[in-house]
Amino acid sequence: PWAFSDMNIQYVTIPSTVTNIEYLAFQNSNIERVIFDTETVTIGDSAFRDNRLTFLVLDTATIGKSAFQDNQIQDITLGNVNSIGTDAFKGNTIKTFTIGSASQSLLYDVGLHIEELFISEGVESIGNFAFYGNYIKRVYLPSTLKHIGESAFQSNLITELTIPDSV
């Protein structure tokens with residue numbers, strides 16, 4: 001923990017040999033861009049909290065609680081999401097959030113400001129309260145979706161939504 005916290009680092013590249021980033025590792029370090037050269041990574045709680053990231057691209061990840069909280073992230077693209085911890089992206093103003101095709105189940109996060117949510121083909125289940133209270137305006141669901149959990153999209157600002165026949 002705190003390995004690179006409270007520093008003035010603009011850019012970070014995570015090499016393919018790194019598969020785990022400890023909690024608080026880069027908290028409050030003024031990071032503007034992080035590149036993940038690794039295919040699979042576990043990101044600990046608050047690992048990149050309180051930075052200046054504006055976008056995020058991850059292939060296969062387990063994302064801890066508050067991992068990217070309080071950045072300036074506008075665009076998120078996630079490949080295979082194993083899990084997303086509570087408040088992982090809280091405090092960002094997200095315009096586009098894309099969930100990749102390999103993600104099987106989406107979990108709870110609240111307080112996001114998302115304009116557009118794209119859930120790619122291959123996702124089969126959205127968990128209870130998955131996107132509860134996230135100010136989402138537009139939702140694009142895949143034809144592979146079979147289950148939408150209780151209150152999954154409750155308390156949002158959705159103006160555009162198409163529910164596939166598969167649900």
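Start by selecting Thr62 and Ser83: Thr62 stands opposite Ser83, which sits in strand 6. Keep in mind as you click around that this is a predicted model.

Now widen the selection to the two strands involved. Strand 5 covers residues 55-63, and strand 6 covers residues 75-84. They run parallel, and eight bridges join them. If you show the hydrogen bonds, remember that strands of a sheet pair through backbone hydrogen bonds, either parallel or antiparallel.

Next, step across to the other neighbor of strand 6. Select residues 93-99, which make up strand 7. Strand 6 and strand 7 pair in the parallel sense too, over four bridges. For a landmark, pick Thr77 and look across to Thr98 in strand 7, which stands opposite.

Go back to strand 5 and head the other way. Select residues 40-43 for strand 4, which pairs with strand 5 in the parallel sense over four bridges. A good pair to label here is Ile43 and Ile63: Ile63, in strand 5, is the bridge partner of Ile43.

Time to color the whole sheet. Eight strands form an open sheet in the order 2-4-5-6-7-9-11-13, with parallel pairing. To find the edges, select 20-21 for strand 2 and 160-162 for strand 13; each of these pairs on one side only. Show side chains along any strand you like: in a regular strand the side chains alternate between the two faces of the sheet.

Now for a surface stop. Select Ile35, Phe55 and Val57 and switch on the surface: together they form a nonpolar patch with about 220 Å² of accessible area. Phe55 belongs to strand 5, so you have already been past this residue. Is Phe55 buried or exposed? Neither, quite: its relative accessible area is 31%, so Phe55 counts as partly exposed.

Finally, zoom out to the full chain. How many helices and strands does the protein have? There are zero helices and 13 strands, so a cartoon view runs β after β from the N terminus on. The radius of gyration is 15 Å, close to the 15 Å from the globule rule for 167 residues, so the protein is as compact as a globular protein of that length. Along the principal axes, the C-alpha trace spans about 50 × 30 × 20 Å.

Color by accessibility for a last look. Of the 167 residues, 46% count as buried. The protein exposes about 7900 Å², and carbon and sulfur atoms supply 49% of that area. On a contact map, look at pairs with a separation of 6 or more: residues 24 or more positions apart account for 10% of those contacts.

Definitions and conventions. Residues are numbered from 1 along each chain as its sequence is written. This is a predicted model: local features need pLDDT of at least 70, side-chain atom pairs count only at pLDDT 80 or more; totals for chains, interfaces and linings use all residues. Side-chain values use heavy atoms; hydrogens and water are left out. Patches are made of residues with over 30% relative accessible area and no salt bridge: like charges are joined within 9 Å, nonpolar side chains (Val, Leu, Ile, Met, Phe, Trp, Tyr) within 5 Å. Accessible areas come from the Shrake-Rupley method with a 1.4 Å probe; for residues, only the protein chains shown count as cover. A salt bridge is a side-chain nitrogen of Lys or Arg within 4 Å of a carboxyl oxygen of Asp or Glu. Buried means under 20% relative accessible area, exposed over 50%, partly exposed in between (1.4 Å probe, protein chains only). Two strands pair if DSSP finds at least two bridges between them. The radius of gyration is taken over C-alpha atoms; the globule rule is 2.2 Å times the number of residues to the power 0.38. Contact means heavy atoms within 4.5 Å.
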